[in-house]
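Reader: Hi! I have a fresh model open here and would love to walk through it with you. Could we start with the charged pairs?

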Amino acid sequence: MEKTNVMRRLDQKKVKYIPHCYEGTGAVSGIEVAESLGQDPECVFKTLVTVGARGNHYVFVIPVTHELSLKKAAAAVGEKSVAMIKSKELLPLTGYIHGGCSPIGMKKQFRTVFNATAESFDTIMFSAGKIGFQVEMSVCDLKRVIDFEFADITE
């Protein structure tokens, strides 16, 4: 299997993960990705990048089955409000394209918040930094790679 930059970073840090590939399945939405991999969609997460009222960027990671609550997300990071960044801003800001954005390996590490439900799973899945690839790992192991917090941030 092809290695993505996310997988290489996890290998460098000697962090356990399971790579998954869904290339060629036609899966586009997060729910389709979960189904193509035979996973519970509640434990498959998507990475969303926002900008706060003060101009700071934030990363929110939520189950593919849910929508981000902008109000709860803003409260979680102490902002008056947050808004999704425009799709064209994603690549220059993070180094990732829409559909392949991962909380690991962005050009700059932004404050990151995972939905609180992530704590209830032995492992979670999220983008490996390239469309067609996901990584599965424990939240404890993920803490060894990036700094993040938990909050209730979904509708």
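Author: Happy to! Arg54 and Glu79 make a salt bridge, with their closest N and O atoms 3.5 Å apart. Keep in mind that this is a predicted model.

Reader: Where do Arg54 and Glu79 lie?

Author: Arg54 is in the loop between E2 and strand E3 (57-63), while Glu79 is in the loop between helix H3 (70-77) and strand E4 (82-84). The pair therefore ties together parts that are 25 residues apart in sequence.

Reader: And is Arg54 buried or exposed?

Author: Arg54 is exposed, at a relative accessible area of 56%. Glu79, on the other hand, has 7% relative accessibility, so Glu79 counts as buried.

Reader: Nice. How many salt bridges does the structure hold?

Author: There are 6 salt bridges. Among them is one between the side chains of Arg111 and Glu149, at 2.9 Å from N to O. That pair links distant parts of the chain, with Arg111 in strand E5 and Glu149 in strand E8 (residues 149-151), 38 residues apart.

Reader: How accessible are Arg111 and Glu149?

Author: Arg111 is partly exposed, with a relative accessible area of 36%. Glu149 also counts as partly exposed, at 28% relative accessibility.

Reader: Got another one? What does Arg144 pair with?

Author: Arg144 forms a salt bridge with Asp141, and the closest N and O atoms are 3.6 Å apart. Arg144 is partly exposed at 47% relative accessibility. Asp141 has 19%, and because buried means under 20%, Asp141 counts as buried.

Reader: OK, switching to rings. How many aromatic pairs are there?

Author: The structure holds 4 aromatic pairs. One of them is Phe45 with Phe114: the ring centres are 6.4 Å apart and the planes are at 50 degrees, so the pair is tilted.

Reader: Which strands do Phe45 and Phe114 lie in?

Author: Phe45 belongs to strand E2 (residues 45-52) and Phe114 to strand E5 (residues 111-115), so this pair ties together parts 69 residues apart in sequence. Phe45 and Phe114 are both buried.

Reader: What about Tyr58 and Phe60?

Author: Tyr58 and Phe60 form a tilted aromatic pair too, at 6.5 Å centre to centre with 40 degrees between the planes. Tyr58 is buried, as is Phe60.

Reader: Which residues do ring pairs link into a cluster?

Author: That cluster is made of Phe45, Phe114, Phe148 and Phe150. Phe148 has a charged partner as well: the charged end of Lys143 sits over the Phe148 ring, 4.3 Å from its centre.

Reader: Lovely. On to pockets: what volume does the largest pocket have?

Author: The largest pocket has a volume of about 670 Å³. It is lined by 30 residues, and the closest to its centre are Lys46, Thr47, Leu48, His98 and Gly99.

Reader: Which elements give two or more residues to that lining?

Author: Those are helix H2 (30-36), E2 and helix H4 (87-94). E2 provides the largest share of the lining, with 5 residues.

Reader: And how do the lining residues divide into nonpolar, polar and charged?

Author: The lining of the largest pocket has 17 nonpolar, 10 polar and 3 charged residues.

Reader: Let me jump to the backbone. What is the phi of Lys14?

Author: Lys14 has a positive phi of about 55 degrees, although it is not a glycine. For background, most residues other than glycine have a negative phi. Lys14 lies in the loop between helix H1 (5-12) and strand E1 (18-21), and is exposed with a relative accessible area of 69%.

Reader: Last topic, contacts across the sequence. How far apart are Met125 and Pro19?

Author: In sequence Met125 and Pro19 are 106 residues apart, but in space their C-alpha atoms are 9.3 Å apart. Met125 is in strand E6 (residues 124-127) and is buried, at 0% relative accessibility.

Reader: And how far apart are Ala118 and Cys43?

Author: Ala118 and Cys43 are 75 residues apart in sequence and 7.0 Å apart in space, C-alpha to C-alpha. Ala118 lies in the loop between E5 and E6, and with 0% relative accessibility Ala118 counts as buried.

Reader: Great, thanks for the tour!

Conventions:
Residues are numbered from 1 along each chain as its sequence is written. This is a predicted model: local features need pLDDT of at least 70, side-chain atom pairs count only at pLDDT 80 or more; totals for chains, interfaces and linings use all residues. Side-chain values use heavy atoms; hydrogens and water are left out. Rings of Phe, Tyr and Trp (its six-membered ring) pair if their centres lie within 6.5 Å; planes under 30 degrees apart count as stacked, over 60 as edge-to-face and the rest as tilted. Helices (H or I, at least four residues) and strands (E, at least two) are DSSP runs, numbered from the N terminus. Buried means under 20% relative accessible area, exposed over 50%, partly exposed in between (1.4 Å probe, protein chains only). A charge sits over a ring if NZ of Lys or CZ of Arg is within 6 Å of the ring centre and within 35 degrees of the ring normal. On a 1 Å grid over the protein atoms alone, a cavity is a set of points where a 1.4 Å probe fits but cannot get out, and a pocket is an open set with protein on both sides within 12 Å along at least five of seven lines; lining residues have an atom within 4 Å of a point. Grid points are joined across faces, edges and corners, and a volume is the space filled by probe spheres set on the points. Ala, Val, Leu, Ile, Met, Phe, Trp, Tyr, Cys and Pro count as nonpolar, Asp, Glu, Lys and Arg as charged, and the others, Gly among them, as polar. A salt bridge is a side-chain nitrogen of Lys or Arg within 4 Å of a carboxyl oxygen of Asp or Glu.
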